[in-house]
Amino acid sequence: MSVRTARIQLGTHGDADVCDITDQVAQSVSESKLKNGTVTIFSPSSTSALTTIEYEGGAVSDLRRLFDEIIAPNRDYAHNARWHDGNGHSHIRASLLGPSLTVPFIDGNLTLGTWQQIIFVDFDVRSRQRELILQMIGE
Amino acid sequence: MSVRTARIQLGTHGDADVCDITDQVAQSVSESKLKNGTVTIFSPSSTSALTTIEYEGGAVSDLRRLFDEIIAPNRDYAHNARWHDGNGHSHIRASLLGPSLTVPFIDGNLTLGTWQQIIFVDFDVRSRQRELILQMIGE
Amino acid sequence: MSVRTARIQLGTHGDADVCDITDQVAQSVSESKLKNGTVTIFSPSSTSALTTIEYEGGAVSDLRRLFDEIIAPNRDYAHNARWHDGNGHSHIRASLLGPSLTVPFIDGNLTLGTWQQIIFVDFDVRSRQRELILQMIGE
């Protein structure tokens, strides 16, 4: 049993930019040489989050619409009133979706479904350079 | 320290079918012979998800109403327009709730609260045969 | 590799009380003497949940407004009709946000972002004494 750390670098466009990171995660697991365990993907940020989806344009567009509807950008936020950075909605969206995702791997392969991809969603209002932490634990 | 994998098979009815899987998870932890660690329950699917709830008819009904309200089935989805499978809302609901849940166990027992059960929610629009992955890491 | 368990005790006010538990989690990781691994924070309760946020008054207020809007307290809940405890909304909020959060640590430090704190949200309708479980796995 051991712990292996990897990092993923991403350039994102913000405004609920949905990035498929499945290949990078799979490659990190492969390079770790661990066979069975879990990988925790973590976003060290308060305006971005992680989940899975069938990564095709329609579903991605529907997901973005959900956040536009329940946590709209163009309304008042107490965060914006205090800090004037205009990303109050980004914070709340990120908190709701969550910064952490743990996925099992078996025989060196992620246990994702056929139509299931791992996505990083950058809710911030501008382009960002992001780094994700991958903590793999296994044997 | 070691890793143990188990699987749970489930027949579900779809349409936000909420299944209590607590007993199956507890049994898998018990059979693993691990005493202290975590179990990650993962759904390898893009139309189902995991969380906990007090599993009684009222709360389950209230949870289903929430999803009917914020991610309604009977409206347009870009996913449906492209793929015509009618489960656009299922995908978005699953992404929001999340496919992964990690629960600690101590002395071979899940650390759930008295009124807290682990649930699998199948958001797809038809009956499905599902398999969940349980990855237990501990000693 | 080993497993270390810690517990955090919290007095909360209920009604979406948002508590910053970052320091307690960081201290538990430090005291475990583990250098690299993950900590899973788990709430053994069906009316509270965990996530991260930039912990400042504005964002916290915005998060509470979100739950007031999408899962309002002052409406009918099937859970309340059956059990008359008035916390039907608390259960659904907790299920949506989720009871579990896994955060990596490296060289004994949580990998949180500069503006990112770990929060426990107590959605129940009254003051509670809460205990959280921290399961640390690492080396």
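What follows is a short back-and-forth about a predicted model.

Me: What makes β4(B) and β7 of chain B a pair of strands?
Reply: Pairing takes at least two bridges, and these two have six, running in the antiparallel sense. So they count as paired. One spot to look at is B:Thr51, which stands opposite B:Ile119 in β7(B).

Me: And why are β2 and β4 of chain B said to stand at the edges?
Reply: The open sheet runs β2-β7-β4 in chain B, with antiparallel pairing. β2 (17-20) and β4 (48-53) each have a single partner strand, so one side of each is left without a neighbour in the sheet. Neighbouring strands here are turned by 30° against each other on average, direction ignored.

Me: How do you know that chains A and B are related by a three-fold axis?
Reply: A rotation of 120° puts chain A on chain B with 0.0 Å of shift along the axis and an RMSD of 0.0 Å. That is the relation of a three-fold axis. In chain A, the residue closest to that axis is A:Met1, at 3.7 Å (C-alpha).

Me: What makes you say the copies meet through different surfaces?
Reply: Only 14% of the interface residues of chain A are also interface residues in chain B, so different surfaces are in play.

Me: Why is the lining of the second largest cavity described as three nonpolar and nine polar, with no charged?
Reply: Its lining is Thr38, Thr40, Thr102 and Ile137 from each of chains A, B and C. Ile counts as nonpolar and Thr falls among the polar ones, so the split is three nonpolar, nine polar and no charged. This cavity holds about 90 Å³ of space.

Terms used: Residues numbered from 1 in each chain as written. Chains lettered and ligands numbered in written order. Predicted model: local features only at pLDDT ≥ 70, side-chain atom pairs only at ≥ 80, totals over all residues. Heavy atoms only, no water. Helix = DSSP H or I, 4+ residues; strand = E, 2+ residues; numbered from the N terminus. Axes fitted to C-alpha atoms, helices over the stretch in contact; angles between N-to-C directions. Least-squares fit on C-alpha atoms with pLDDT ≥ 70 in both. Contact = heavy atoms within 4.5 Å. 1 Å grid on protein atoms, 1.4 Å probe; cavity = no way out; pocket = protein on both sides within 12 Å on 5 of 7 lines; lining within 4 Å. Points joined across faces, edges and corners; volume = space filled by probe spheres on them.
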